[in-house]
Structure formats: C-alpha cells, structure tokens
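Me: Could you take a close look at one part of this model for me, the way its helices pack against one another? I'd like the numbers and the cut-offs behind them, please.

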Amino acid sequence: MPDSGRIHVDFRGASSWGRGEAPAFDARDVCRQFRLERHTIDVLSGINLTVQRGEWVALVGRSGSGKTTLLQLLGSLDRPTRGEVFCHGRPYSKLSGKQRAMLRRDEIGFVFQSYHLFPELSAMENVALPALQWGWDRNMAVSRARELLFSFGLEERLGHRPQELSGGEQQRVAMARALVNSPDAILADEPTGNLDVAAGKEIVGILQRLHADQGKTIVMVTHDLALAKLADRVLLMQNGQAEPLEGDAAFPAGFGTLPPTQPS
Ligand SMILES: Nc1ncnc2c1ncn2[C@@H]1O[C@H](COP(=O)(O)OP(=O)(O)OP(=O)(O)O)[C@@H](O)[C@H]1O
Ligand SMILES: [Mg+2]
C-alpha cells in the first residue's frame, strides 16, 4: 500500500507533543487488578515492556493470561491499577480524556478478533466513517477509504455490508478502517483468530507489508505460533508477567488452546 496517496490532515493538536524518538509504547511497572465481589484478581503484576518504533511484538499465552488486558492498557482503552504507560513518549495518566482520544485516533490503529464493523454500513462506509467523524471532507474520506480497500483487494466489495462479506474480507475492512488515519502503530488482538488458514494468511500478509514496507509498529496477540514467529520478538504472558520467548523448545507444554502450527 503506497503512502504516496496518503491524505495528510493535521488534527493532532495537543497530542503532537512528546513524539520525538521515544519508543512506540513503554509500560513501566504496570499492574492491573480486577476487584470482584469477594476477591481481587491480579492479572498483570508489574510488567515492564518497551516496544520500539517499527518493532513487531507478538504476545502469546494461555487464555486468561492477560494478553487483551495488556493490549488495552497499551492503547489507553483501560487504566492500570499501578504503573504508567507511555505512547510515543507521552504518559497516558498525564493526558486528559480528550487528549487520549486524539492520540488513539492519530497514532494507533486497533484490530480485533471479531472485526467490530457496523452491520448496517457498507465496507466503504465502515472505513470512511471514522474519518468523517473527525471532520474530514467527504471526498477525502471516500478517496482514502477507496485507496485502502483497493490495496487490500476489496475493490469489488465496496458496497457490501459486513454480512455479505467473508470473515477474511471483514477483517480486511477492519484493517482498512484501522489505517484510515495512517497511524504509526497497530494493536491487533487475535486478528486471525476467527479465520481459516487461507484468510488468516491474507491478514498476515497485510501485517507483514505494514511492518516491512511502512515501518509500522505492531503489537499483536495471537494463539498461532506460526504467526507469532513472524514478529521480531515473542513475549509469553504468564503469572502476570511478559517474558521473552525464544525458540520452539521454550513453548511450555499445554500452552493454551493453540492450534497446530500451520504449514506456510
Ligand atoms: N473487566 C474485568 N473484570 C474482571 N475480570 C476481568 C476483566 N477483564 C478481564 N478480566 C480477567 O482478567 C484475566 C485476563 O483476561 P484477558 O482478557 O486479558 O485474557 P487473555 O489472555 O486475553 O485471554 P484469551 O486468550 O482468552 O483472550 C481473565 O481471568 C479475566 O477473567
Ligand atoms: Mg484476549
């Protein structure tokens, strides 16, 4: 996907300070506790994680190990019980809700396992909608959405609603939506989790291009070891920590609900 057609709209405002050369994400001594009626759960217990700009990090671990919780903290969709998360040098706790929203809008693209598309809107409208909500001119928003959908091989599906698309096509629309404002970083929570092997490969191919050609920072949760191994770094989440994982031998027995590694 060439950036030559990128539409530059500067709505960064207050979120532009502190970008510099700081890491994409920096989690410092991050804890997340959930209080239930009778007890509390310590999901993250003092995580330190630095994700450099342009780095691709995969988070793996058993169901319930805190992968989604960590991803949400990195994207300021949740607040830590203790500790601080920085995005491009800015500490989320020091930003207002509006500044955090602007930062998410301008610098982070979110991709979820279940796509989260609006069912009543077409592929084109789903991708253009956030840009329109940010005040883009309609022609610009449509042109950007079209460019992204074309680059993802969806030129024949612009007018289709989500229920008229395959799972892989829906995820490609969701990725186009995540990229509409050319964010530097992508946070993806099991982006291939609902897809078959072929559709998953297409999504992986897009991630690879975003990483290799455009230098996007990617933090991706996955249960697919073959996909995890494409990342620069794999972190295993367990016991409230995220530890580096190197080599197949290190994968612990009974590791979650992992499917067998798919042949490439
Ligand atoms: N809002 C919440 N309230 C209480 N407990 C929560 C909340 N959100 C998450 N948890 C608990 O925190 C733990 C980690 O959840 P999380 O969704 O991060 O796991 P995960 O590693 O993403 O799992 P999966 O692979 O199944 O998606 C789980 O035990 C979950 O029940
Ligand atoms: Mg999860």
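Reply: Happy to help; here is a walk through the helix packing, with some of its surroundings.

This is a predicted model, in which local features need pLDDT of at least 70 and side-chain atom pairs count only at pLDDT 80 or more, while totals for chains, interfaces and linings use all residues. Residues are numbered from 1 along each chain as its sequence is written, and chains are lettered from A and ligands numbered from 1 in the order in which they are written.

To set the scene, the protein chain has seven helices and 10 strands. Helices (H or I, at least four residues) and strands (E, at least two) are DSSP runs, numbered from the N terminus. The chain has 264 residues, and 42% of them count as buried. Buried means that 20 or more other C-beta atoms lie within 10 Å of a residue's own; 12 or fewer makes it exposed, anything in between partly exposed, and C-beta atoms are placed from the backbone. Of the contacts between residues at least 6 apart in sequence, 74% join residues at least 24 apart. A contact here is a pair of residues whose C-beta atoms, placed from the backbone, lie within 7 Å.

Let's begin with H3 (residues 123–133) and H4 (residues 138–151), whose axes are 8 Å apart and which pack at an angle of about 130°. That angle makes H3 oblique to H4. Axes are lines fitted to C-alpha atoms, for helices over the stretch in contact, and angles run from 0 to 180 degrees between N-to-C directions. Under 35 degrees counts as roughly parallel, over 145 as roughly antiparallel, 65 to 115 as roughly perpendicular and the rest as oblique. H3 and H4 cross in a right-handed sense; a crossing is right-handed if the near helix is turned clockwise from the far one by less than a right angle, and left-handed if anticlockwise. On the H3 side the contact uses Ala-123, Met-124, Val-127, Ala-128, Ala-131 and Leu-132, while the H4 side includes Arg-138, Ala-141, Val-142 and Leu-149. By class, this contact has 11 nonpolar, no polar and three charged residues. Nonpolar covers Ala, Val, Leu, Ile, Met, Phe, Trp, Tyr, Cys and Pro; charged covers Asp, Glu, Lys and Arg; the others, Gly among them, are polar.

Leu-158, in the loop between H4 and H5, also belongs in this picture. Leaving aside residues up to four places away in sequence, Leu-158 touches Ser-122, Ala-123, Met-124, Arg-146 and Leu-149. Leu-158 and Glu-125 are 33 residues apart in sequence, with 8.4 Å from C-alpha to C-alpha. Leu-158 has 17 other C-beta atoms within 10 Å, so it is partly exposed.

H3 also packs against H5: their axes come within 8 Å and cross at roughly 25°. That makes H3 roughly parallel to H5, and the crossing is right-handed. Here Ala-123, Asn-126, Val-127 and Pro-130 of H3 meet Val-173, Ala-176 and Arg-177 of H5. The classes are five nonpolar, one polar and one charged.

H5 (residues 167–178) in turn packs with H6 (residues 197–212), their axes coming within 9 Å and crossing at roughly 20°. H5 is therefore roughly parallel to H6, and H5 passes H6 in a right-handed crossing. Gly-167, Gly-168, Gln-171, Arg-172 and Met-175 come from H5, and Ala-199, Glu-202, Ile-203 and Ile-206 from H6. This contact divides into four nonpolar, three polar and two charged residues.

Two residues along the way from H5 to H6 deserve a look at their backbone. Ser-182 sits in the loop between H5 and strand E7 (185–189), and its phi is near 50°, a positive value in a residue other than glycine. Ser-182 counts as partly exposed, because it has 17 C-beta neighbours inside 10 Å. Glu-190, in the loop between E7 and H6, likewise is not a glycine and has a positive phi of about 50°. Glu-190 is buried, with 21 other C-beta atoms within 10 Å.

Finally, a word on H1. Six of its eight residues are buried, so H1 is largely enclosed by the rest of the structure. The buried ones are Lys-67, Thr-69, Leu-70, Leu-71, Leu-73 and Leu-74. Just after H1, Ser-76 takes a positive phi of about 55°.

How values were computed: Contact = placed C-beta atoms within 7 Å.
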